[in-house]
Amino acid sequence: MSKDMGNGVTLADLIVAELSKMLGVGVAEEKRSSYFSLDFLHRASWIVRMAGSSGVFGTPATVVDTTTGSPVAAKAILADEAVMRDSRILAVLPPSEKVFAAAFEVQGNGSLMTHFARALDKALRTHNLKLQGEHDVADGVGWRNYLQRDDVEITGVDLVQRGDHVDGAFVEPAGVRNVRLSLGIDPAGPKARDIFRLLRGYGAGAHINVAAMVGVDGRDFDEQTIKTVQDGRNRTINVSSGWPRFVYSIHDHLRPSGADFEAASRDVLEEILAVNGVTRTPGWWAVGRWS
């Protein structure tokens, strides 16, 4: 994929042009019963500030007044209607690179990441280009920084056997579908320190046999998870099949403003650029607007 697309047009220019074509043009995906719309875009130097919305459709629904429990008759939702939730996207497009780094606002368990990536990839394919996601890079940065924090504690380990892996060490296997061994770990004890050392040594995404680390040897476990807590927030890491996406906490109860979202995202995006070997130039992060 060339950085310069010809006639002085960079890949960054092309991406912004394709995104601009999407503005206000909603896309319904029938197979997924989802609807996505890119509603706002503002480019300033390397930074592209965007807002979009998404929702699901396909099933009639009613709106209920949560203070009374009564349906709001005038707000019945039809099968071809979607309740949309808006969300922000902050992207960095270095003009001389093949890198597209983006932070997506998460509300509840949802963001625009999947909708946005599919729409942009479809647009780029008309130019014989392909968007290749490298979530492990961004997630690796998040998990590495998280595990280096002094206030993160390891509180437990869960080990699960399923099906044929259920053996007689814990229970008579006949008729047993799965076994879960839950271990509470002393956050200040030697096992917690050993697990931290293991996690930091291997890095995010590594498949780790934590069972041996806690003294459970010679067993086949289908799932091994480590429980952590930081400032009252629990995070569970599945070290046997794949670590979860790392979601940064900005505010537990209130939706952040555009400025707060941007401030929380900048350090992360800078680190992702550094991991990808991108050299930032003066003025790369320009002031812009969110509406």
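The buried residues of helix α1 are L11, A12, L14, I15, V16, E18, L19 and M22, where buried means under 20% relative accessible area, exposed means over 50%, and partly exposed lies in between (1.4 Å probe, protein chains only). The model is a predicted one, in which local features need pLDDT of at least 70 and side-chain atom pairs count only at pLDDT 80 or more, while totals for chains, interfaces and linings use all residues. Residues are numbered from 1 along each chain as its sequence is written, and side-chain values use heavy atoms, with hydrogens and water left out.

Helix α1 is a good place to start looking. It covers residues 11-22, which makes 12 residues, and helices and strands here are DSSP runs numbered from the N terminus (H or I, at least four residues, for helices; E, at least two, for strands). From its first C-alpha to its last, α1 reaches 17 Å, close to the 16 Å expected at 1.5 Å a residue; the expected span is 1.5 Å times one less than the number of residues. The cover over the buried residues of α1 includes β2 (34-44), β3 (47-56) and α2 (113-125), with contact meaning heavy atoms within 4.5 Å. After α1 comes G24, which has a positive phi near 75 degrees.

Helix α2, part of that cover, holds two residues described here. A119 is placed in α2 and touches M22 and F36, when residues up to four places away in sequence are not counted. M22 is itself among the buried residues of α1. A119 and L23 are 96 residues apart in sequence, and their C-alpha atoms are 12 Å apart in space. D121 is also found in helix α2. With a relative accessibility of 15%, D121 counts as buried, and its contacts, leaving aside neighbours within four places in sequence, are K130 and L131.

A step back gives the whole protein. There are 6 helices and 11 strands, and the C-alpha atoms fill a box of roughly 65 × 55 × 35 Å along the principal axes. Of the 291 residues, 38% count as buried. Among contacts with a separation of 6 or more, 60% come from residues 24 or more positions apart. The accessible surface comes to about 16400 Å², and 49% of this belongs to carbon and sulfur atoms; such areas come from the Shrake-Rupley method with a 1.4 Å probe, and for residues only the protein chains shown count as cover. There are 32 positive and 36 negative side chains, and the centres of the two sets lie 3 Å apart. In this count Lys and Arg are positive and Asp and Glu negative, while His and the chain ends are not counted; each charge is placed at NZ of Lys, CZ of Arg, CG of Asp or CD of Glu.

One of the residues with a charged side chain, R88, sits in strand β6 (residues 85-92). R88 is buried because its relative accessible area is 14%. Its side chain reaches the backbone oxygen of P256 at 2.8 Å. Beyond residues up to four places away in sequence, R88 touches M50, A51, A103, F104, E105, R255, P256, S257, G258, F261 and W290.

The loops complete the picture. S45 is found in the loop between β2 and β3, the two strands that help to cover α1. Although S45 is not a glycine, its phi is positive, at about 55 degrees, and S45 is partly exposed, with a relative accessible area of 36%. D231 lies in the loop between β10 (223-230) and β11. D231, also a residue other than glycine, has a positive phi near 55 degrees, and its relative accessible area of 70% makes it exposed.

Two further loop residues come with a distance in space. G205 is placed in the loop between α4 (190-202) and α5 (210-213) and counts as partly exposed at 40% relative accessibility. The C-alpha atoms of G205 and G58, which are 147 residues apart along the chain, are separated by 36 Å. L254 belongs to the loop between β11 (233-238) and α6 (258-275), and it is exposed because its relative accessible area is 56%. L254 and S241 are 13 residues apart in sequence, while their C-alpha atoms are 33 Å apart in space.

Key: A polar contact is a pair of N or O atoms within 3.5 Å; within protein, one must be able to donate a hydrogen and the other to accept it, and residues adjacent in sequence count only if both atoms are side-chain atoms.
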